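I opened my notebook today to look around one protein chain, a step at a time. Here is what I looked up, in the order I got to it.

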Amino acid sequence: MSYLIHIVDLPYKREVEKVHSSRYGKKGIRCAPKSKPTKEEMKKINERNRIKKLRRKIELNFDFGDYHTVLTYRKEDRPDPQEAKKRLKEFLKAMRKAYQSQGQPLKYIVVTEYENSAIHHHLIINDIGRTPAMVRKLWNHGNAFFTVVRERGDVEDLAAYLVKETQKSFRNPDNPSKLSYSCSRNLKPVIVKTKVVSAGTWRKEPVAPEGYWIAKDSIVTGYSKITGYPYQYYTCYKITPDMKDDGSWIKPRERRRRGS
């Protein structure tokens, strides 16, 4: 029998998805009953996939020290979505010029929300040393709030928040962007490598490649409700010098205290 392994390499880890495909033989594989997902189940599946896609894009292109920025508008000067798109475009153009003057590229992911609250923008942006000051100088429509992106690709909550924050707005037929988020063109693309594995058995316990360790709580196994065949997902983390004995990392402040 054969099955597929999808591999995504990110700066601090490798994500592995092991699944079966109708293109390959599944002789000897025990199946579960198939069922057609309900509309609500498909909605949840699509949302999980959107979160995963955005999370990987953030992890690949941003790191600790970069910013999640919220750009708001003054109450008396809140635009409609079309005008907000225009103002955001002008702001990003000015930011790009400011970054170029420092010899640095501007990288960003941006979403706009206006259905659940007053219109505002979420911006994930790379830091070049004085980014908050540059943003506050160039965003003259309201306030700017900053949160540092977590280290080691720990951005699951951020991706989920942004997807759920905009799930109404991006489906609105009047939404001028027609997308849940937009990105600068210089972001690295997430590459999924797929290989066909011919094996006599379905390995229940994954084995970490050299230089990695597998987080036990990341291992997810089960049977697809759509195909009825088994799947397995897990995450391998890179072994690095700043790792503690329990597999966790020394946080930035701890590293500074240790003089490393």
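**Entry 1: a loop residue**

I began with Leu106, which lies in the loop between helix H2 (81-101) and E4. The model I am reading is a predicted one, so I keep that in mind throughout. Is Leu106 buried or exposed? Its relative accessibility is 5%. The cut-off for buried is under 20%, so Leu106 counts as buried.

Next I looked up which residues Leu106 touches, leaving out those up to four places away in sequence. I noted Leu92, Met95, Arg96 and Tyr99, and then Ile125, Asn126, Ser184 and Asn186. I also checked Leu106 against Ile128: the two are 22 residues apart in sequence, and their C-alpha atoms are 9.0 Å apart in space.

**Entry 2: a strand residue**

From the loop I moved on to Val110, which is found in strand E4. At 3% relative accessibility, Val110 counts as buried. Which residues does Val110 touch, not counting those up to four places away in sequence? I found Leu88, His121, His122, Leu123, Tyr181 and Ser182. I also looked up Val110 and Leu162, which are 52 residues apart in sequence and 9.4 Å apart in space, C-alpha to C-alpha.

**Entry 3: the sheet around E4**

I wanted to know where E4 sits among its neighbours. In what order do the 5 strands of the open sheet come? I wrote down E6-E3-E5-E4-E7, with antiparallel pairing. At the edges are strand E6 (144-148) and strand E7 (182-183), and each of these pairs on one side only.

A reminder to myself: strands of a sheet pair through backbone hydrogen bonds, either parallel or antiparallel.

Strand E4 (residues 108-113) is joined to E7 by 2 bridges, and the two run antiparallel. In this pairing, Ile109 stands opposite Cys183 in E7.

Helix H4 (residues 156-165) packs on the sheet, where it touches strand E3 (67-72), E4 and strand E5 (120-125). The direction of H4 makes about 150 degrees with that of E5. I then looked for the buried residues of H4 and found Leu158, Ala159, Ala160, Leu162, Val163 and Glu165. What covers them includes H1, E3, E4 and E5.

**Entry 4: strand E3**

How many bridges pair E3 with E5? There are 6, in the antiparallel sense. E3 also pairs with E6, again antiparallel, over 5 bridges. Val70 is a handy marker here: it stands opposite His122 in E5, and Val70 also stands opposite Phe145 in E6.

E3 is mostly covered, with 6 of its 6 residues buried. In a regular strand the side chains alternate between the two faces of the sheet. For E3, I listed Tyr67, Thr69 and Leu71 on one side and His68, Val70 and Thr72 on the other, and both faces are covered.

**Entry 5: a hairpin**

Later in the chain I looked at strand E10 (residues 220-223) and E11, which pair in the antiparallel sense over 4 bridges. Gly222 stands opposite Tyr231 in E11. The hairpin of E10 and E11 has 6 residues between the strands, and in this hairpin Gly228 takes a positive phi near 85 degrees.

**Entry 6: the largest pocket**

How much space lies in the largest pocket? I noted about 1,200 Å³. Its lining is made by 38 residues, and those nearest the centre are Glu17, Arg48, Asn49, Lys52 and Tyr233. The elements that give two or more residues to this lining are strand E1 (2-10), strand E2 (13-19), helix H1 (39-61) and strand E11 (230-238). The largest share, 10 residues, comes from H1. I sorted the lining by class too: 16 residues are nonpolar, 8 are polar and 14 are charged.

**Entry 7: the whole chain**

Last, I stepped back. The secondary structure of the chain comes to 5 helices and 11 strands. Of the 260 residues in the chain, 44% are buried. I also looked at contacts between residues at least 6 apart in sequence: 75% of these join residues at least 24 apart.

Conventions:
Residues numbered from 1 in each chain as written. Predicted model: local features only at pLDDT ≥ 70, side-chain atom pairs only at ≥ 80, totals over all residues. Heavy atoms only, no water. Pairing = 2+ DSSP bridges. Contact = heavy atoms within 4.5 Å. Axes fitted to C-alpha atoms, helices over the stretch in contact; angles between N-to-C directions. 1 Å grid on protein atoms, 1.4 Å probe; cavity = no way out; pocket = protein on both sides within 12 Å on 5 of 7 lines; lining within 4 Å. Points joined across faces, edges and corners; volume = space filled by probe spheres on them. Nonpolar A, V, L, I, M, F, W, Y, C, P; charged D, E, K, R; others polar. Buried < 20%, exposed > 50% of the residue type's maximum accessible area, 1.4 Å probe, protein only.
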